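Trainee: I'd like a close look at one part of this protein, the nonpolar core and whatever feeds into it. Could you take me through it slowly, and then out to the parts around it?

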Amino acid sequence: MPPDSILKRLFINLVTWAIVLAVAFPLIWMVLTSIKPQSELFRIPPTFLPEAITFEHYWRLLTETPFLRYFRNSMVLAVSTTALVIVVATLGAYSLVRFRYRGRETLATLVLFTYLLPSVVLIIPLYLLMVQIGLANTIPSLVIAYTTFALPYALWLLRSFMAGIPEDLESAALVDGASRIGAFVDVILPQALPGIVSTALFTFILAWNEYLYALVLVNSDSVRPLTTGVMNMLITSFNIEWSLLMAASVMMSVPLIIIFAFLQSFLTRGFGAGAVKG
């Protein structure tokens with residue numbers, strides 16, 4: 001191998017690892033801080049590795065704070081939003097791709113335009129709507145609010161996945177006597193499964209990490225999700241519970257890490273499915 005190629009590959013590897021370390025360092029520091037004793041948190045100079053490992057902060061977080069209630073609220077909220085968005089987006093994407101009707105492309109463009117709107121624009125109208133229909137300060141209000149910005153994204157993403165499924169497969173099923181619904185369930189859904197799983201994963205992450213809507217639409221401690229509940233619980237004007245905050249951050253990351261670990265293959269296939277048409 002020529003020396004120039006070796007130097008080029010070495011340089012690319014160094015740059016890549018530097019970027020990886022820069023991205024991963026805050027996560028590593030978060031985990032290490034969560035298992036440090038309280039006496040080490042503000043030591044000068046700071047220590048990178050803990051001299052003694054303790055899980056006291058996790059125990060306090062689970063037993064002395066309402067963290068588990070916030071965790072349950074976030075899980076219900078993220079799962080409900082994901083289920084609603086995926087059902088509506090799958091049917092909507094199938095309609096936009098397979099059926100021919102007036103205004104179809106205009107509707108698709110309007111969906112994309114809705115996604116491009118800043119989410120902060122919809123906060124006040126959504127809040128007034130929730131008050132009028134009696135859902136203010138409830139988890140269903142957040143599900144509806146999250147759907148407003150997650151659904152356009154999911155619909156547009158699934159539209160590209162649906163467009164990549166050959167129409168001949170569905171036509172063959174219809175010729176063999178299958179109904180339109182039967183062809184959709186038996187042919188389209190299995191083919192679109194990687195794309196559906198990928199879209200569901202992104203929707204779950206959006207709902208799990210959302211902060212602004214939860215801050216404005218919910219002010220009751222019993223229905224707060226993790227994003228606002230942890231901030232309200234551990235951060236005040238006079239003190240920040242850094243040890244508990246780091247432990248809570250690690251616990252909040254665990255569901256996403258588990259989901260990525262189990263659905264990585266679907267996610268990779270989903271990217272490939274959306275990139276090829278026909």
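Mentor: Sure, let's start in the middle. Keep in mind that this is a predicted model. The largest nonpolar core has 61 residues, and the members that touch the most others are Tyr-146, Met-162, Tyr-213 and Val-230. Helix 6 gives this core its largest share, twelve residues. Domain 1 (3-40) and domain 2 (66-272) both supply members, so the core lies between them.

Take Tyr-213, one of those best-connected members. Skipping neighbours within four places in sequence, Tyr-213 is in contact with Ser-119, Leu-122, Ile-123, Leu-126, Leu-142, Ala-145, Tyr-146, Thr-148, Phe-149 and Val-218. Tyr-146 turns up in that list, and Tyr-146 is itself among the core members with the most partners.

Now for helix 6 itself. It runs over 139-163, and its 25 residues span 34 Å from first C-alpha to last, close to the 36 Å expected at 1.5 Å a residue. There is a bend, though: about 40° at Thr-148, with a proline, Pro-152, following within four residues. Thr-148 is also one of the contacts of Tyr-213.

Ala-150 sits in helix 6 too. Is Ala-150 buried or exposed? With a relative accessible area of 2%, Ala-150 is buried, because anything under 20% counts that way. Apart from residues up to four places away in sequence, Ala-150 touches Val-85 and Thr-203. If you want a distance to check, the C-alpha atoms of Ala-150 and Leu-256 are 17 Å apart, with their positions 106 residues apart along the chain.

Just ahead of helix 6 comes the loop that links helix 5 (123-133) to it, and Asn-137 lies there. The phi of Asn-137 is near 65°, a positive value in a residue that isn't glycine. As background, most residues other than glycine have a negative phi. Asn-137 has 26% relative accessibility, so it counts as partly exposed.

Val-230, another of the best-connected core members, takes us to helix 10. Seven of the nine residues in helix 10 (residues 226-234) are buried, so the rest of the structure largely encloses this helix. The buried ones are Leu-226, Thr-227, Thr-228, Gly-229, Val-230, Met-233 and Leu-234.

Leu-226 has a link to helix 3 (residues 67-98), where Phe-71 lies. Leaving out neighbours within four places in sequence, Phe-71 is in contact with Leu-226, along with Trp-208, Met-251 and Pro-255. Phe-71 is partly exposed, at a relative accessible area of 22%. From the C-alpha of Phe-71 to that of Arg-43 is 31 Å, and the two residues are 28 apart along the chain.

Helix 8 (180-209) is worth a visit as well. Ser-198 lies in it, and at 1% relative accessibility Ser-198 counts as buried. The C-alpha atoms of Ser-198 and Pro-140 are separated by 24 Å, at 58 residues apart along the chain. In the loop between helix 7 (167-175) and helix 8 you'll find Ala-178. Here the accessibility is 30%, so Ala-178 is partly exposed. Beyond residues up to four places away in sequence, Ala-178 touches Ala-173 and Ala-183. The C-alpha of Ala-178 is 50 Å from that of Ser-249, which is 71 residues away along the chain.

Last, back to the two domains, 3-40 and 66-272. Their C-alpha centres lie 31 Å apart. Five residues from domain 1 and six residues from domain 2 make the contact. How much area is buried between domain 1 and domain 2? About 470 Å², and carbon and sulfur atoms give 75% of that. Set that beside the core we began with: both domains give residues to it, so it lies between them.

Conventions
Residues numbered from 1 in each chain as written. Predicted model: local features only at pLDDT ≥ 70, side-chain atom pairs only at ≥ 80, totals over all residues. Heavy atoms only, no water. Helix = DSSP H or I, 4+ residues; strand = E, 2+ residues; numbered from the N terminus. Buried < 20%, exposed > 50% of the residue type's maximum accessible area, 1.4 Å probe, protein only. Expected span 1.5 Å × (residues − 1). Bend = angle between axes of the 7 residues up to and from the residue. Core = buried A, V, L, I, M, F, W, Y, C linked by side-chain atoms within 4.5 Å. Domains from an automatic or database assignment. Contact = heavy atoms within 4.5 Å. Buried area = accessible area lost by both parts, 1.4 Å probe.
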